[in-house]
Amino acid sequence: MSIGAVVRRIRAHGGQFLLLGVLTLVITLLVSGVPRVANRLTLQGLREHLAAEPPSQRDLTYTAGQLAGGSGPRDARSGQAMTPQLQGAMPPEVRDAVAERWFAADTPFARLTGPDLKVNNLLVDMSLRAAPGVPEAATLIDGAWPETDRPRRGQPVQVALAEEVARKLRLRVGSQLRLALQDVQGELAPTSVLVVGVFRPNDPAGGIWGTLPQLLRAGEPQGDGEPYLAVALAGVGAVDGRGAEGWPLHFTWRYRLGVDGIDPQRLDATISAVDRLQRTAPEGFELTQGVDIPLREFRDAVASARTLLAVIATGVLATLAGLVVLAAGLAARRRRSEFALLRARGGGRTVAARRSLAESLLVIPVAAAVGWLLGTLVPGAPGSTVPLGLAAAVLVTLALPVAALAAPAGVGRQDLIRFRPSARRLTGEAFLLLLAGLAVVLLRRRGLTLGEVDPLLVAVPVLLAVAVAVLALRAYPWPLRLVSRLAARTRGSIAFLGTARAGRSVVATPLVVVVLAIATAAFCAVVAQGIETSRDRAATRAVPGDALIVSDRLAPDTGDHLGRLPGVEAVAAFLDERGKRFARDAGGTDARIGDTRVLAVDAPALARVGREAGRDVPVPSALLAEAAPGPLPAVVSPAVAADLAKAGLDGSAFIAVQGQRYEFRVADTVDAFPMLSGETSRFVVLPLQALPARSTVRAPTGFVVAGHDLAVDGLRQAGNEGQQRYQDTGTVTGGERPLDVQVRTWADTRAQLGGGGANGLLVFGFVSGAAGGTLLGLLAIAFTVLAGARARGRVLSRLRTLGLSRRQWRGLLLVELTPLVGVAVFTGAFVGALLPLLLTPLLGLSAFTSGMPVRVAFEPGLVAAVVALGALALGFAVAIEALNNRRMRLGEVLRLGEES
């Protein structure tokens, strides 16, 4: 068998090999390129996730005291020298991720006195801090930096102050002060202090300023008679001098992990290294960190996204495999006469397979290599999919030889054959149905490990789609035959002939492939819609209106001021307190149940806010009651309800709200309530409008607002004014200005849930799965049409010679193809809508909805999309059939011996 002869046969059947080559290229392109896209999106998502966290969340902070024992430092200089040593002792996953590091040595706060402070009647406590690196991160605006050497005896300690600290304390360069550490026995080693410089930070948000207490600003007095708290920058020698005189020193080492230094492919190793680092801190050191929390959150989200992506990729690859089988089978049928002639000339049974194998070896490996190389051009880290790519290339290469070997040997009148499934085939289909059902049961009972490619998980969607397709294949001819009998009694032949041919159509494999493709697309659409709906519910739970204003305490009239703002349509007040204890009686006898969170909400106003905002805010009817004698009706969490019932207090218990104790009874039990996070498992919700009047005025801690075109700045200003009015009443003492109220909008909360993190990977999976499933489904429909094109061509040719018009011909095509296309599309959509009900509880998708369980439900839009897709598929099928008929020249089909 010469190479030239093989090449000539490839050219003669170029369309068939081109189709197989393109399918091979697409398969290897996906196998090579999709992992790169997934890895790139994962890295991008990790960067966005960590960047959204406060920078201090990525700090590993070691703290130690002077003479703490073990390997702790003895002074500031030795502590500074230990900075690289501590980093070097870290595990490689953590050590290599460190982007910045800082060291600081602090003295305790001591009383600061001096003429400049006395003139302004300021009470100040000050701490000295040695922080190498500050001169590079700040700019002197006056004076000079303190000397780093230890001051000589009798010389003052030189310090530099931040600009804001100097302004607030009214100090300047040249101010002479006295610093004395207060002891039970009096002053300890007082020292003189000289302000030699005032500096301004180059970047106030820089990590070097993150060490507490703050170096850049002075803390306000917490009450009457309390001092300002300030930190002054001193040299390392000056701080060591204070330590030598008996002042206890405190050392801090901070190591900030860089966003680009954490490998998303090794998140588990990084998290384990951080945990190990915390357990094995050197003796005398204490390690605090918070980086493991965002890393665990991102790891869980990525694990869920990758599991979902594995399900979608399996559906797409299974569809492509089905298309390869269809293409190989179609090519073998087209060359059936050639293979029969070879057998008639004395060729063995395998001659056709060997000839096809030689042809495939010249086409498929080249196409596979081209597809793989194109996949390597996709930006991103490569995945370990080389074995999968090789296996795909080998299987596609063997597809045509196997199809040639399985092709019928004879060439006869196929229109005279009555197709009936054999007992072997029926047994195989029954076994397939049993296997699909068993796989579903095992998967639901066993569960799965997120982030891993579970063979059972990826097999269940394919098995279920194939099983349902087989049922549809066996069921849909029966109603068509009934319709055909009814159509036989009517005038005209189009409906009768079309339904009769559709009922006898044999398209088993093409129908299965169409169902699998459409099921993949529908699965992506249904799960994506379920996640979007669950995110809306999560945002509504956090902000049950259009905006939420939260503070410590607000003046009661703040709600009236908010209601007068432009665009505000409804306002509801609430009062939120944590860590409250239950009491058995009004006297406060502890019920010994445990702490709980108390939320008192104006329930009628909250329901009105939900209606005005167009949100589905669940407000139990028990909370809508007005004031009445007896215990207040309360809504509690299941854990609290169980504790109260066990203690016999579900009918009457007491709990304190802003210093006043109220009696309540359990009126209803709910798992969650608006404004309470999913992690809150112990809570009591009281009707604020029904609380009995007491001697003190209840101060709300927040308001929920509904309206349109709300100005966040206006809401914040009204909240700040209400906060200030409450403070000015004299209930709270102290001159510190309260922090600004927090204003969260529903739109911002919803956008935060849908952006960043692993959401990019999730969106990629949904978009590629829906688009790929739809396109491959249309291609499979084209194969379905081509599978019966020859028989339809002969029938149409005969009917045209009997006077069938072109319009009737198109009608006959529509009647024949509509049941087939409709059954394929709607069966696939049914499977795609069924799969989320089975798989969603196992995929851990709540990582993308702030803990809100993802529930899929019937969506009218899905029905409209399926109908539109069915119409598109039918139009595509008719167009393919018309194009094929023109290519076959129907007038010549009936020639003796002519089949093409």
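The following exercises, each with a worked solution, concern a predicted model of a protein chain.

**Exercise 1. Confidence**

Determine how confident the predictor is over the chain, and identify stretches where pLDDT is under 50.

Solution. Begin with the chain as a whole: the average pLDDT is 86, and 93% of the residues reach at least 70. Next, turn to the low-scoring stretches. Residues 411-418 stay under 50, and the model gives them 8 contacts beyond four places in sequence. Residues 895-900 are likewise below 50, with 8 contacts beyond near neighbours in sequence. Finally, consider how such stretches are to be treated. Where pLDDT is low, predicted coordinates should not be read in detail.

**Exercise 2. The open sheet**

Establish the strand order of the 10-stranded open sheet, its edge strands and its type of pairing.

Solution. The order is β14-β17-β18-β16-β19-β15-β13-β20-β12-β21, and the pairing is mixed. At the edges stand β14 (582-583) and β21 (742-745), each of which pairs on one side only. Within the sheet, consider β16 (residues 632-636) and β18 (residues 660-669): these strands run parallel and are joined by 5 bridges. At the level of residues, Val635 is placed opposite Asp668 of β18.

**Exercise 3. Helices on the sheet**

Describe how α21 and α22 are placed relative to the strands.

Solution. Take α21 (residues 603-613) to begin with. Its buried residues are Ala603, Ala605, Leu606, Ala607, Val609, Gly610 and Ala613. These buried residues pack against β13 (568-580), β15 (596-601) and β20 (702-707). The direction of α21 makes about 130° with that of β13. After the helix comes Gly614, with a positive phi near 75°. Now take α22 (residues 638-647). This helix lies across β14, β15, β16, β17 (653-657), β18 and β19 (683-687), and runs at about 105° to β18.

**Exercise 4. Thr24**

Decide whether Thr24 is buried or exposed, and list its contacts outside the neighbours within four places in sequence.

Solution. Locate the residue: Thr24 belongs to helix α2 (residues 14-52). Its relative accessible area is 1%; because this lies under the 20% cut-off, Thr24 is classed as buried. Leaving aside neighbours within four places in sequence, Thr24 is in contact with Ile364, Ala367, Ala368 and Val396.

**Exercise 5. Positive phi outside glycine**

Compare the location and exposure of Asn121 and Arg170.

Solution. Asn121 has a phi near 55°, which is positive in a residue other than glycine. It is situated in the loop between α6 (115-119) and β4 (124-130). Its relative accessible area of 71% makes Asn121 exposed. Arg170, also not a glycine, has a positive phi of about 55°. The loop holding Arg170 connects α8 (163-169) and β7 (176-183). With a relative accessible area of 49%, Arg170 is partly exposed.

**Exercise 6. Two prolines in one loop**

Characterise Pro213 and Pro204, which occur in the loop between β8 and β9.

Solution. The loop runs between β8 (186-201) and β9 (228-234), and Pro213 is placed there. The peptide bond from Leu212 to Pro213 is cis, with omega near 0°. Pro204 is found in the loop between β8 and β9 as well. A relative accessible area of 54% makes Pro204 exposed. Outside its neighbours within four places in sequence, Pro204 is in contact with Trp209 and Leu216. As a last step, consider a distance: 66 Å separates the C-alpha atoms of Pro204 and Leu433, which are 229 residues apart along the chain.

Terms used. Residues numbered from 1 in each chain as written. Predicted model: local features only at pLDDT ≥ 70, side-chain atom pairs only at ≥ 80, totals over all residues. Heavy atoms only, no water. Helix = DSSP H or I, 4+ residues; strand = E, 2+ residues; numbered from the N terminus. Buried < 20%, exposed > 50% of the residue type's maximum accessible area, 1.4 Å probe, protein only. Contact = heavy atoms within 4.5 Å. pLDDT = per-residue confidence, 0-100. Pairing = 2+ DSSP bridges. Axes fitted to C-alpha atoms, helices over the stretch in contact; angles between N-to-C directions.
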